[in-house]
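Subject: Structure for your review

Dear colleague,

Please find the structure below, handed over for your consideration. My findings follow it.

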Amino acid sequence: MVRIAPTRWTFSQSRDWVARRASGLFARPRRVMLAVLVVGMPLAAAVAAGLAADNAGESLREQGSAQLSLYESNLRTELERHAAVPMVLARDQEVADLLRDPSPERVDRMNRKLEAIAATLKASALYVMNGAGTTVAASNWNASPSFVGQNFSYRPYFQSAMEQGEGHHFALGTTSLVPGYYTAQRVVAENRTGGRAAGVVVLKVGFQELERAWSHGQEKVLVSDRDGVVFITNVEGWRYNALPRRLPVTLPAAAAPATEEIPTLPWAFGGASDRITLREGNAERRYLLQSAAVPGGDWTIHALTSLAPVATRAQQAGLLAAAVVALAALTGHALAQRRLNLVERLALQEEARAELERRVAAATAELRATENELTQAAKLAALGQMSAAMAHEINQPLAAIRSFADNAVVLLERGRPDSVRDNLAEIADLTDRMAAITRSLKGFARRASGTLGAVSAAAAVGQALALLEARLRRDSVTVDTDLPPGSLLVTGEDVRLQQVLVNLIGNAADAVRASPRRHVRITLAAEGEEAVLSVRDSGPGIAEADLPRIFVPFFTTKEAGDGLGLGLSISHGIVEDFGGSLTAANHPEGGALFTIRLKRRDIQT
């Protein structure tokens with residue numbers, strides 16, 4: 001076998017080889033440079049622009065998909081927000097009595113009740129229909145035109161509710177001529193399962209607030225029905241227009257969409273299956289079209305995201321590539337002119353290479369910064385839509401943190417470091433509470449699972465008092481607690497248990513507001529396998545006639561406008577979800593007494 005010895009190049013040999021190659025390659029440097037500029041620059045610009053457009057388009061598609069999911073969540077939240085109202089009213093004994101005997105007194109009382117509820121909910125209409133489809137009472141009883149006396153038995157939501165117990169429909173009102181979403185619940189005689197259908201409770205809501213919220217986003221959003229007709233959108237001129245037939249939008253299957261007499265959206269094909277071109281002013285702008293079916297219905301939500309950032313990114317990448325090619329051509333020309341001095345040429349080549357790498361790195365960093373800014377803008381847009389809810393939920397913990405901080409300053413001045421440490425610990429707990437609030441807001445949009453676990457009842461009392469501290473201090477209400485030492489764990493959820501306690505303590509504070517002695521006492525004790533948590537106030541107590549109805553939805557003894565009467569009903573339901581009980585009574589020594597019984601977890605094996 002013949003062994004070939006490796007060749008070792010010296011610096012002088014390398015220099016001579018480079019010189020010979022340069023002599024042949026750069027014999028005509030200007031002609032080579034012109035060829036590179038004429039051919040290489042456009043080619044490099046086209047390739048770089050294409051790659052940058054693909055990357056930017058994929059990033060924009062991911063951001064658009066996230067925004068579309070958010071808009072779809074907003075729509076589902078809006079639809080589900082008032083769904084419980086017809087369900088509760090359908091089980092209201094007053095509604096059943098009205099349908100059984102629609103006397104003038106009952107009709108008038110129900111008209112005013114529905115009017116108050118609809119005004120609080122900001123609903124378009126809330127009305128009760130008998131089994132024949134005739135409206136017996138309505139929130140717009142004193143408006144013109146009114147639903148009272150109108151027969152809507154032909155409406156799909158009425159027919160579905162009578163047959164299946166529940167009905168939903170979006171339509172233009174035949175009386176009010178105002179579009180809205182109808183939710184209907186069947187009223188069963190005597191409120192018993194298997195009874196005879198007595199009528200239907202219907203809630204009509206509009207989407208003006210939702211469209212107004214969507215108008216603050218950067219996307220053009222629209223919702224179409226199974227026939228492809230747009231009925232919700234943040235673009236005023238698109239409402240009640242039909243989607244173009246040949247665009248590749250995702251629609252639920254429909255037998256025969258009837259959109260021949262409806263004007264079509266002014267969309268044009270934008271060069272790809274998900275590209276739309278619109279004429280806005282004197283210019284045409286291209287958009288990315290993304291669609292998703294709304295779960296549980298025949299609706300489709302669409303979002304149009306501007307492709308201007310993609311074009312800008314591609315233009316920047318193309319210019320950068322052209323500049324790199326031009327720089328390379330100029331560098332080659334300069335090297336060719338100095339080919340007789342290999343050392344100088346190598347130095348210039350190294351310098352040019354370093355400069356090229358620096359510019360490429362700077363341009364890459366600039367592109368990444370632009371991408372981060374676009375991503376951050378999308379995040380801020382989503383955060384802006386949730387800011388009002390977050391500010392409302394976090395307001396009370398912030399007030400408590402401020403109170404603990406002010407107390408800490410006073411305690412430091414008085415030389416009480418142990419108390420200061422306790423206040424700081426409370427502040428830390430409240431920050432954890434604020435984090436839990438933000439997590440609960442996120443889980444609210446996705447329907448939290450509601451998993452039960454071990455909860456410290458004493459800690460829940462402490463957190464509830466911390467949230468109400470400013471209010472109690474403002475109303476001069478003193479609170480006395482009797483909590484056992486150690487950790488008494490119960491079955492429940494921390495945040496929802498705090499919600500119940502805040503409601504009970506807040507009601508107690510309201511009850512003693514007009515009393516000469518404003519006092520609330522909270523006790524916690526273990527009784528066998530149960531933990532008993534009670535809230536007692538020094539107010540006038542509960543009227544004996546009101547005790548059987550204290551947990552009935554919409555029943556309240558407060559002044560009009562102070563609430564819907566749902567707080568105690570919701571608290572009662574939460575405690576029952578925990579497997580416990582919530583009862584109300586009058587204490588023998590005066591005042592109201594609310595008692596919560598929950599299962600203990602600290603003794604279970």
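At roughly what angle do the axes of helix H12 (residues 494-511) and helix H13 (residues 567-577) cross? In this predicted model, the two axes cross at roughly 145° and come within 10 Å. The crossing of H12 past H13 is left-handed. On the H12 side, the residues that meet H13 are Arg 496, Gln 499, Val 500, Asn 503, Leu 504 and Asn 507. Their partners in H13 are Gly 567, Leu 568, Ile 570, Ser 571, Ile 574, Val 575 and Asp 577. Sorted by class, this contact comprises six nonpolar, five polar and two charged residues.

The second element I would bring to your attention is helix H11, which covers residues 457-474. With 18 residues at 1.5 Å a residue, H11 should span 26 Å, and its end C-alpha atoms are indeed 26 Å apart, so the expected and computed spans agree. H11 nevertheless has a kink of about 55°, centred on Leu 468. Leu 468 is also one of the buried residues of H11, among them Ala 457, Val 461, Leu 467 and Leu 472. Just after the helix, Ser 476 adopts a positive phi of about 55°.

Is Gln 463, a residue of H11, buried or exposed? Its relative accessible area is 12%, and Gln 463 therefore counts as buried, the cut-off being under 20%. Beyond its neighbours within four places in sequence, Gln 463 is in contact with Asp 429, Leu 430, Arg 433 and Gln 498.

A further residue of note is Ala 184, located in strand S4 (residues 179-188). Ala 184 counts as buried because its relative accessibility is 0%. Its C-alpha atom is separated by 6.3 Å from that of His 168, although the two residues are 16 residues apart along the chain. Setting aside neighbours within four places in sequence, Ala 184 has contacts with Tyr 157, Ala 161, Gly 165, Glu 166 and Gly 167, and also with Val 200, Val 201 and Val 202.

Finally, some totals for the protein as a whole. The secondary structure consists of 13 helices and 18 strands. Of the 605 residues, 40% count as buried. Among contacts with a separation of 6 or more, 60% are accounted for by residues 24 or more positions apart.

With kind regards

Terms used:
Residues are numbered from 1 along each chain as its sequence is written. This is a predicted model: local features need pLDDT of at least 70, side-chain atom pairs count only at pLDDT 80 or more; totals for chains, interfaces and linings use all residues. Side-chain values use heavy atoms; hydrogens and water are left out. Helices (H or I, at least four residues) and strands (E, at least two) are DSSP runs, numbered from the N terminus. The expected span of a helix is 1.5 Å times one less than its number of residues. The bend at a residue is the angle between axes fitted to the seven residues ending there and the seven starting there. Buried means under 20% relative accessible area, exposed over 50%, partly exposed in between (1.4 Å probe, protein chains only). Axes are lines fitted to C-alpha atoms, for helices over the stretch in contact, and angles run from 0 to 180 degrees between N-to-C directions. A crossing is left-handed if the near helix is turned anticlockwise from the far one by less than a right angle, and right-handed if clockwise. Contact means heavy atoms within 4.5 Å. Ala, Val, Leu, Ile, Met, Phe, Trp, Tyr, Cys and Pro count as nonpolar, Asp, Glu, Lys and Arg as charged, and the others, Gly among them, as polar.
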